[in-house]
Amino acid sequence: MDTEGQGLNSRIVATGMELLEGLAGEKPSVFERGRWAGRIIDWSLRNDEFRTRMLRFVDVFPSLSTPELLARHLREYFGDLDGQLPWPMERAMGAASAAGPLGIALISKAIRYSIEKLGSQFIVGDTAGKAMKRLARIRRDGCAFSIDILGEAVVSEEEADAYAAQYGTLIRDLEEAQKTWSPLASPGKGSSPLDWGYSPMVSISLKPSSLYSQMRPQNLQGSVRAVLRRLRPLCEQLIRAGAAMCIDMESYACKDISLEVYKALRGEYPNYGQLSMAVQAYLRETGNDLAGLLAWSGSVGLPIAVRLVKGAYWDYEVLKARQNGWTIPVYTNKAETDAAFERHARLVLQHHETAYLACGTHNIRSIAAALELAREMSVPPERYEFQVLYGMAEPVRRLLKSRVGRVRVYCPYGPIVPGMAYLVRRLLENTANQSFLRQMFSEQREPWLLLRDPLEAGGAGERQPGPEGKEKAPSARVCRPGGLSDAHPFTNQPQADFTSGEERRLFGEALAGVRQRLGRTYPLFINGVERSTPDTEASVNPADPAEVVGKLCQAGRKEADEAIGAALSAFRQWRDTDPAARAAYLLRAAAHLRSRRHELAAWQVLEIGKQWDQASADVGEAIDFLEYYARQMERLGRPRALPSPPGERNYSFYEPRGVAVVIAPWNFPLAISCGMVSAAIVTGNCVVYKPSPLTPVIGRHLVDAFKDALLPAGVFNYVPGRTEEIAEYLVDHPDVSTIAFTGSTEVGLRIIEKAASIRKGQSFVKRVICEMGGKNAIIIDEDADLDEAVPAVLSSAFGFQGQKCSSCSKVVVVESIYDAFVERLIGAAGSLAVGPAEDPAYSMGPVADEKARSRILKYIEIGQSEGKLLYQGTAPAGGNYVPLTILGEIEPHHRVAQEEIFGPVLVVMKAKTFEEALDAANSTRYALTGGVFSRSPGRLEEARRRFRVGNLYLNRQITGALVGRQPFGGFRLSGLGTKAGGEEYLLHFMDPRVVTENTARRGFVPEGDMEERRRGA
Ligand SMILES: Cc1cc2nc3c(=O)[nH]c(=O)nc-3n(C[C@H](O)[C@H](O)[C@H](O)COP(=O)(O)OP(=O)(O)OC[C@H]3O[C@@H](n4cnc5c(N)ncnc54)[C@H](O)[C@@H]3O)c2cc1C
């Protein structure tokens, strides 16, 4: 740090010391043990396990509608913490276990009262009346406010309308109320109707995501338009009321949309200077965003106002990025966030003539830094203010009020149920290790530690990030065989992160590029040679069947014979190739796919109607299969020593089976094809691959990948052809030893049956690896979080038009929550737009082809005759569209509850109890995927035991299994129990062999066993 910087830092520390002295002897109520909130926080600080359970309990609490439910959850959440609980809870627990109904009702009342009290610590009022009274009190105490209506997830457009309407009412109430208020003093400014002489008395804060239910980063412009549609009337109302508005910043996925909304609104209302935008210092991109915003303000000549905060979603952002393998968008060292806060405060203050700073923090170091920076740059007082959260740091608020004067309190308002997520965030914040308030008021850290320059405290020391760029995710691996798994353990290919403008741009370009190449003719690929045939078949875009994606040369039986012959000839050499070398081919193919990931996804958008994110996920899964199976083969390729007494050596190893036929589906056209093909190849088999006639162009890209990997001729052969012409022919062929199939149960069973007969010349029993259909259910328990359950059911049921084997096709809802769930489900379903997958504004696209369309429509008719139509959307004309359909009053024995529909049709069933729901979910011939939404540990445990499916998902969507993390596959009529993407999958493509050798010669056993060493057994 230079001398100038040291001088500034010393002044910041000196100011900080003064401020700390001003706080001496005070404590925010959240840390006062005499108060309920303080007591809970104190217990949470002392016991991590209690903290986790308490946060979960607070989260589920709003849905515990009966005393019995509350008592059960209390037992399940805290029952085994006997002796470690604070005494009032111990008492409540004891009573919950022992008391009769009357006692339980009393305890439930007490707990409800306590939690509501906890909520009231952070929420200015649960009714407008209470809120107005408290706001008036805040103003009497000399502080301004900004009020925010609580309500986290908006799942439907109706809910977004309702939310906007609530704001409308609130603004009207505030407009009325302000008539009775006096403006806050403006020393030296004479009398003014405005607070401090320049600021409106009414200010609201608002979250853009609550104004549009379908906000998605890949649909940036559409999301901005939709938010603006509801925001404009509010903005005009605020202008009329002479009030201010701040756009809150939410999770990273909403950031670019919110910034665009701000600029658009500011531009549309150039004379409305009371509009501010929150920015988060913890985001690595904020330096660039802020600079961009200031530059934009300069270029259009419009002053701006910025609320600078650190960011409230830190845990969520880190978790989400880690789960998806994305670069972490936030700083991971608290000092870096603090340093960025000071850097950004400086930048805004430097532009004080056109930029107003609202400094939103409770951290005394950050406050002192802002004050000293303002002083250093002689920023006039009316160009900045401080802001604090309601209920978080009253002493800091009082101190700022007396020292600075301009303090605004951010006041959340609304009923406790939608407010619970907010409350949980505040509890997390207050109990986090890194929290300034915790360190100061609970841990009583030394002042020098609290006021340390963040650059010295690690903001620069560990890693100077600079304002741009995110922390990099582990870079794509280029792996070499030989200790591969140890040197480069498998990790999933990150999906495209469309929050990144660069990813959106690349994807758009890929789509445009693919469009340029539509309509080409593709040959077969046999024995390493491209083979054209005069007979071709067109593959078309399901959104517009007149558009030809590609024309495919068709393999007849002659070409099928040639492909099998080529595979057979290549087999011996391929079988004897070192498994590690075989794995290396897969890795090279993975690198090829990775280098074209957007383009390969773009082909899927056009050839089968997958939405951007669905298509990207498919390509990611294909890459995962290659990487994963390469590593699995390295493990399985080594001979394994078996128990061997002296004089005898036993070991086992695996051998490939021969020619494998792969018959692939269209719904995961690259991923499943690639999974089956790569498993067969890496285990030493030679493959004849027949892609689905609906997605042969996508299948063709596997040829490019394996050509690029320099796979020897004959190991992989590509034979698109008409199913009736070659599919059974391939299955029946006496030279084919293994058949890998994914598709319908009907076809799968037929393959199994046919493969069982021995043909002339056949010298082995064929093996079939078969993944078939499903009738997957999600159970909604009485305490389910509907904010989570409704979007998860929708994405499971209607993602890629419900055409995944894992898709949800029935939802079984426990009676007590049925009406609430169905109402929100229907509202949310009605908000999904249907149209071509190419346009990211649409959540649902066309189904695979006309045949699928008429089959699904038939089922809708059947469903209507068996039950009742609860909701049906509209379907655009032209493509293979089917209206999104939800059917109710369905019984477990109905056809639509039993048969696979494979389209955007969801049936809803009602169950009296959770047990009955489990029975209904289990009552099909299938066992593929299933899901449960419940916040009861007991019910989740019961589901683990009793919900008999191959892949069970708890409290999340039931689609999107990841290689290695969720090996995928079902049993009963869903398949043979093979788990693709799991450790055992490759075994299906090999036969085990065991060698036993007598190493003794006339009683003599050689000491150094050279043979053993040579084999590495
Ligand atoms: C008036 C007001 C309005 C607000 N509006 C918003 C808003 O619109 N959007 C929003 O997201 N938040 C908002 N917040 C919340 C804010 O982002 C902070 O969560 C909160 O103020 C705590 O920060 P602090 O500076 O007071 O405390 P501090 O204890 O100094 O900072 C805590 C913050 O540091 C960051 N942090 C914690 N751990 C780490 C780590 N390991 N590495 C890096 N950084 C870390 C997090 O941002 C955390 O909230 C607002 C806060 C106020 C006061």
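Let's start with Gln439, a residue of helix 17 (residues 436-442); helices here are DSSP runs of H or I with at least four residues, strands are runs of E with at least two, and both are numbered from the N terminus. The model is predicted, so local features need pLDDT of at least 70 and side-chain atom pairs count only at pLDDT 80 or more, while totals for chains, interfaces and linings use all residues. Residues are numbered from 1 along each chain as its sequence is written, and side-chain values use heavy atoms, with hydrogens and water left out.

**Three buried polar or charged side chains**

Gln439 counts as buried because its relative accessible area is 14%; buried means under 20%, exposed over 50%, and partly exposed in between, with a 1.4 Å probe and protein chains only. Setting aside residues up to four places away in sequence, Gln439 touches Asn433, Gln434, Gln444, Arg445 and Leu450, where contact means heavy atoms within 4.5 Å.

Next comes Arg406, in the loop between helix 15 (394-403) and strand 8 (407-413). Arg406 is buried because its relative accessibility is 10%. Its contacts beyond four places in sequence are Trp196, Tyr198, Pro381, Tyr384, Glu385 and Phe386. Arg406 also sits 8.4 Å from Gln387, C-alpha to C-alpha, with their positions 19 residues apart in sequence.

Gln611 belongs to the loop between helix 24 (597-608) and helix 25 (612-636). Gln611 is buried too, because its relative accessibility is 6%. Without its neighbours within four places, Gln611 is in contact with Phe800, Gln801, Ala837, Tyr842, Ser843, Met844 and Gly845.

Each of these side chains has a polar partner, listed below. A polar contact is a pair of N or O atoms within 3.5 Å; within protein, one must be able to donate a hydrogen and the other to accept it, and residues adjacent in sequence count only if both atoms are side-chain atoms.

| Side chain | Partner | Distance |
|---|---|---|
| Gln439 | backbone oxygen of Asn433 | 3.2 Å |
| Arg406 | backbone oxygen of Tyr384 | 2.7 Å |
| Gln611 | side chain of Gln801 | 2.9 Å |

**Around the ligand**

The ligand is surrounded by 29 residues, the closest being Gly311, Thr337, Thr361, Glu429 and Phe436; a residue counts as near if one of its heavy atoms lies within 4 Å. An N or O atom in the side chain of Thr361 is 2.6 Å from a ligand oxygen. A ligand nitrogen lies 3.2 Å from an N or O atom in the side chain of Arg307. Strand 7 gives the largest share of the shell, three residues. Strand 4 (275-280), strand 5 (304-309), helix 13 (334-350) and strand 7 (384-389) each supply at least two.

**The nonpolar cores**

In soluble globular proteins, nonpolar side chains tend to be buried together. A nonpolar core is a set of buried Ala, Val, Leu, Ile, Met, Phe, Trp, Tyr and Cys residues joined through side-chain atoms within 4.5 Å. The largest core in this model has 145 residues, and Phe78, Leu174, Leu231, Met245 and Ile364 have the most contacts inside it. Helix 9 (residues 220-241) contributes the largest share of this core, 10 residues. Another core, of 103 residues, lies apart from it and includes Leu587, Ala630, Leu636 and Val677.

Finally, helix 28 (residues 723-732) has Ile726, Ala727, Leu730, Val731 and Asp732 buried. Their cover includes helix 22 (557-575), strand 16 (659-663), strand 17 (686-690), strand 19 (736-742) and helix 29 (745-755).
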